[in-house]
Amino acid sequence: MLRPILLLVTILLTISCKKENKSETLSDYFTYNQKNAVESAGVQMIPIKTPVGEFKVWTKRFGNNPKIKVLLLHGGPAMTHEYMECFETFFQREGFEFYEYDQLGSYYSDQPKDSSLWTTERFVEEVEQVRKAIGADQNNFYVLGNSWGGILAMEYALKYQKNLKGLLVSNMVASAPEYGKYADEVLAKQMKPEILTEIRALEAKKDFANPRYMELLIPNFYKEHLCRLKEWPDGLNRASKHMNGEVYTMMQGPSEFGINGRLAKWDVKNRLKEITIPTLMIGAKYDTMDPKAMEEQSKLVQNGRFLYCPNGSHLAMWDDQKVFMNGVIKFINDVDNGKI
């Protein structure tokens, strides 16, 4: 009789220890050791120095993992972190430390009016300052950028890859002119001729504020190529409401068929070979970006991998979520384990 009792005691002690260890791990994961004694759920306004003064940008930290720190770069320019909230459950389950972040000019950050601030070069320096503030370095720092955030991620890597462990570019080609060509020659031709004619007429008159413009774009373009879910996620709806249209139009331009603003001639395709760190390029079948171009980019960098989302669009993180998230998580874990 003694042996079964001893075995039962051992099992109970093991279960108790496991529960205790799990509790301690969770406690550590949600303890951020912020200097401020007041808990703020990981939210920190980070000071950013610019040529025209100092401003603050909004960040929110999740988790505590010195090995993996992921900074999420939203699109737009001047959208918000809100449409990237889908990463929260996936990354927390993995135990990643990650940061949602509104870039300068976006809703939760300062919104200065000086137009000289809206350049890729200035945004790159902002990301570098955020990196320093969150204590990330080449041993643990991953940048994941979607759309315009992908432009910013590539530009950041080209200047500061010495501070990165891994780069993830989601749904953004490395050439604005090529993006425009794909929009004109492929995506536009998928529309009904009468719809496209009406859209082009409004664009020719620069009548972008006309409600009819969005009435045409939402069902015929956005629902096909931006997010294919029947009901758009709450985070995407909030991000759309909070977009800074002034900055967006200045950099992207008013038309959705390609880039017509300050980024119109942006092109780093020939420089991708300079990127040596592990890089994941993510493309999707219904994206506004050519998925074949995304695959090509994975071969142009020196240590690349391609993730294809067969049911996804520009926001494949939502409409092909399982494929997207599984691929992203596998890539980060593989880099962390030295497999890529």
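Let's start with helix H7, residues 211–226, in this predicted model. If its 16 residues formed a straight helix, they would span 22 Å at 1.5 Å a residue, yet the end C-alpha atoms of H7 span only 19 Å. Where in H7 does a kink lie? Look at Ile 218: a kink of about 50 degrees lies there, shortly before the proline Pro 219.

Now see which parts of H7 are tucked away. Tyr 213, Leu 216, Leu 217, Phe 221, Tyr 222 and His 225 are buried. As a general guide, an α-helix has 3.6 residues a turn, so residues three or four places apart point the same way. The cover over the buried residues of H7 includes helix H5 (176–187) and helix H6 (193–204).

H7 also takes you to the largest pocket, which has a volume of about 710 Å³. Its lining counts 36 residues, and the closest to the pocket's centre are Tyr 222, Leu 226, Met 243, Tyr 248 and Glu 256. You have met Tyr 222 already, as one of the buried residues of H7. Two or more lining residues come from each of H7, helix H8 (234–242) and helix H9 (245–251), and H7 gives the largest share, seven residues. By class, 22 of the lining residues are nonpolar, 13 are polar and one is charged.

Finally, there is one cavity of 30 Å³ or more, with a volume of about 50 Å³. Gly 105, Gln 111, Pro 112, Lys 113, Trp 118, Asn 244, Glu 246 and Val 247 line this cavity. Sorted by class, its lining has three nonpolar, three polar and two charged residues.

Terms used. Residues are numbered from 1 along each chain as its sequence is written. This is a predicted model: local features need pLDDT of at least 70, side-chain atom pairs count only at pLDDT 80 or more; totals for chains, interfaces and linings use all residues. Side-chain values use heavy atoms; hydrogens and water are left out. On a 1 Å grid over the protein atoms alone, a cavity is a set of points where a 1.4 Å probe fits but cannot get out, and a pocket is an open set with protein on both sides within 12 Å along at least five of seven lines; lining residues have an atom within 4 Å of a point. Grid points are joined across faces, edges and corners, and a volume is the space filled by probe spheres set on the points. Ala, Val, Leu, Ile, Met, Phe, Trp, Tyr, Cys and Pro count as nonpolar, Asp, Glu, Lys and Arg as charged, and the others, Gly among them, as polar. Helices (H or I, at least four residues) and strands (E, at least two) are DSSP runs, numbered from the N terminus. The expected span of a helix is 1.5 Å times one less than its number of residues. The bend at a residue is the angle between axes fitted to the seven residues ending there and the seven starting there. Buried means under 20% relative accessible area, exposed over 50%, partly exposed in between (1.4 Å probe, protein chains only). Contact means heavy atoms within 4.5 Å.
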